[in-house]
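Q: Could you take a close look at one part of this predicted model for me, the helix that salt bridges tie to other parts of the chain, and then walk me outward to the other charged pairs, a buried charge and the cysteines?

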Amino acid sequence: MVESSNSSCDGRCIAKSRNGAVPLLILLGLLLTQTYLVLTIAWRKSSTNDENAHIAAAVFYLQYQRFELYRVNPPLVRYFAGVPVLLAGCQTDWRQFDRTDGFRREWQIGTEFMAINREKSHVLLFLARCGCLPFALLGTLLIWEWTNRLAGPSAAAAASAIWVVNPTILGNAGLVTCDVPASVMGLLAARQFCAWLRSPQWLNAFVAGISLGLAFGTKTVWIILPALWISVSIVARVIASAPRFGKMELLQWSLIGLVSLVTLNTLYGFEGCGTKLGEFSFKSLALAGADDKQPANRFSNGLFADLPVPLPVSFVLGIDEQRVDFEREYGGYIHGSHYSKGVWWYYFFCFCVKEPVCQIAIACLGGLFAIRKWFVAPEKNRVPRADTVVLFAHATAIILLISWQSGLNSYYRYALPAFPFLIVLTVALLMAPHRSVGLRRMVWCLILGSALESLIIWPHSLSFFNLAVGGPVQGGRYLLGSNLDWGQELKELESWSAAHPHATPLYLIHTELSTPNLYQINWQDAPFLSGQSISVEDEVATTDEPPPGWYVVSPNYIYTTDVEVTVHTKSNNPRVAPRYAEYFRTISPTDHAGYGLLIYQVEKL
């Protein structure tokens, strides 16, 4: 009898051990898959509009511990990107850098940095992108851990799979930009805050403070977190009918704030920490208080002029420069129309055309279950309410903030910080253990459908548009700029040109700042681009054929109407009216490099 009992116990232990190993193997598989997908994009794609500037700024930070260059974004991501570039060896020339003229020179300096290192520019770009890979992998781990705690390993696998194969995440994770890192560090901060809410201990408060400071260090959008956390904690206490904050918790709040400030200042080397508010020179209307285009300070003669600011100088001035961008009202392009000002529904429209159809279905299902949970038939003891409040509040705050700041309606990537919160919350609601097997199987089917739709387009994920709108070939009819062509296809064009040596003359109509001269492409300026700016008033659009040849054309040129567009020529970057855009819109492309550059063969009549 004893032998039988021991044998039965051993069998159960082995089965339990095997069951515990399966989720870990799935997680490992997801991480390896993500690494392969992201690194392939990192190697296959040329630098996008901002990346050369980010890399040059990263090297500048590490060499001189100065943060004036590209200070509109904090430095944490650039540390990760800059270290492998410096280790690989690079040449620099900072003589063009001058902040005294009031202009942002990071794009010019980034272009010059890559030109100086032309022979290995793509290798340096790839290494910088590899330095940013840990952020995407950390996002997978955080989403797995949080969803697993809320709804079990099956839900954790589903949520992590959505993050791994989502085309918007994939396309941006392979770049040296702040959007995916900011999403991940925001999720980390929220997780630690939620842990402190559940168990207000000193250690949890300390870790929450560090993670908050790191979130600040990725993108200034997270300056909303202190106010958001205070609001969430109050709401969570009201829902739980908990007593008001005690003395100990108030002290822990102070610790969170202090540690976050120390962490942020450490990233900047405590640059200018404690500078008086009245001593800053601001350019935005919100902080300068005047619209005369000259640096000013609305606080210089006020009550708070002598108030020490416990933030790095470059962090404060970076917020000011970001405000300038918002106040300029760049407008945007939506479904064939150019808007002089942004519209609040821009990101909702982007979601409908830039996300896989099956993933949109998952989001709609999650929304229905959320409404049912909170308003129709409230559920008890299912998904913890504190977690639900934290996840929902962070996602909603980001969406409301970017929709309100409509001055930059050209970048769907600005919505990325909301993605991990929505993924965890939606999957936890739909795949909790008490849900029916049929519902959970349906969610898995939708995830597989999303993965298939995404991977069909990969590695061109940055240009992804869903099947409902015709895929990325038709993407220019709906959105432009970084949503379709952000300069990432020059490496693809290099491969296409090598495979089609007969395609001459090859005319390139390129609209982004990334430099074609860094790649082995035998290109020429289009005959109708003289290098001089041409306004819409001085140019008449035509449906006539351009001169014969092979034309590689950006959708940003083809689908731009009624406004000038900046094109890249061998001499300069003039702004021109898209004279032949209507002609290119009326014919189908012969081929394409990725999906951000369309190729047309115009033959002699």
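A: Before we start, "contact" here means heavy atoms within 4.5 Å. Keep in mind that this is a predicted model.

Let's begin with helix H8, which covers residues 179-198. With 20 residues at 1.5 Å a residue, H8 should span 28 Å, and its end C-alpha atoms sit 29 Å apart, so the two values agree. As for its surroundings, 17 of the 20 residues of H8 are buried, so the helix is largely enclosed by the rest of the structure.

Now for the charged side chains on H8. Arg191 pairs up with Glu145 in a salt bridge, 2.8 Å from N to O. That pair links distant parts of the chain, since Arg191 belongs to helix H8 and Glu145 to helix H5, 46 residues apart. Glu145 is partly exposed at 27% relative accessibility, and Arg191 is partly exposed too, at 24%.

Arg198 is the next one to look at: its side chain meets that of Asp387 in a salt bridge, at 3.4 Å from N to O. Here the link runs from helix H8 to helix H16 (residues 385-404), and the two partners are 189 residues apart. The two ends sit in different settings: Arg198 is partly exposed, with a relative accessible area of 42%, while Asp387 is buried, at 0%.

Stepping away from H8, you'll find 14 salt bridges in the count. One of them joins Arg129 to Glu51, with the closest N and O atoms 2.6 Å apart. Arg129 is in helix H5 (residues 121-151) and Glu51 is in helix H2 (residues 51-64), so this pair ties together parts that are 78 residues apart in sequence. Both partners are tucked away: Arg129 is buried with a relative accessible area of 1%, and Glu51 is buried with 0%. There's a network as well, in which salt bridges with shared partners join Arg44, Lys45, Glu489 and Glu492.

Then there's the buried charge, Arg78, which lies in helix H3 (residues 76-88). Arg78 is buried yet has no salt bridge, and the nearest side chain of opposite charge, Glu106, is 7.1 Å away. For a salt bridge, the nitrogen and the carboxyl oxygen would have to be within 4 Å. So what does the side chain of Arg78 make a polar contact with? The side chain of His54, at 3.1 Å. The Arg78 side chain also reaches the backbone oxygen of Asn73, at 3.1 Å. Setting aside neighbours within four places in sequence, Arg78 is in contact with His54, Ala57, Ala58, Tyr61, Tyr70 and Asn73.

Last, the cysteines. The structure holds zero disulfides. Cys352 is in no disulfide, and the nearest cysteine sulfur, that of Cys364, is 7.9 Å away. The cut-off for a disulfide is sulfur atoms within 2.5 Å. Cys352 is partly exposed, with a relative accessible area of 31%. Cys358 is in no disulfide either, and its nearest cysteine sulfur, that of Cys445, is 9.2 Å away.

Notes:
Residues numbered from 1 in each chain as written. Predicted model: local features only at pLDDT ≥ 70, side-chain atom pairs only at ≥ 80, totals over all residues. Heavy atoms only, no water. Helix = DSSP H or I, 4+ residues; strand = E, 2+ residues; numbered from the N terminus. Buried < 20%, exposed > 50% of the residue type's maximum accessible area, 1.4 Å probe, protein only. Lys, Arg positive; Asp, Glu negative; His and termini not counted. Polar contact = N/O pair within 3.5 Å; in protein donor to acceptor, adjacent residues only side chain to side chain. Expected span 1.5 Å × (residues − 1).
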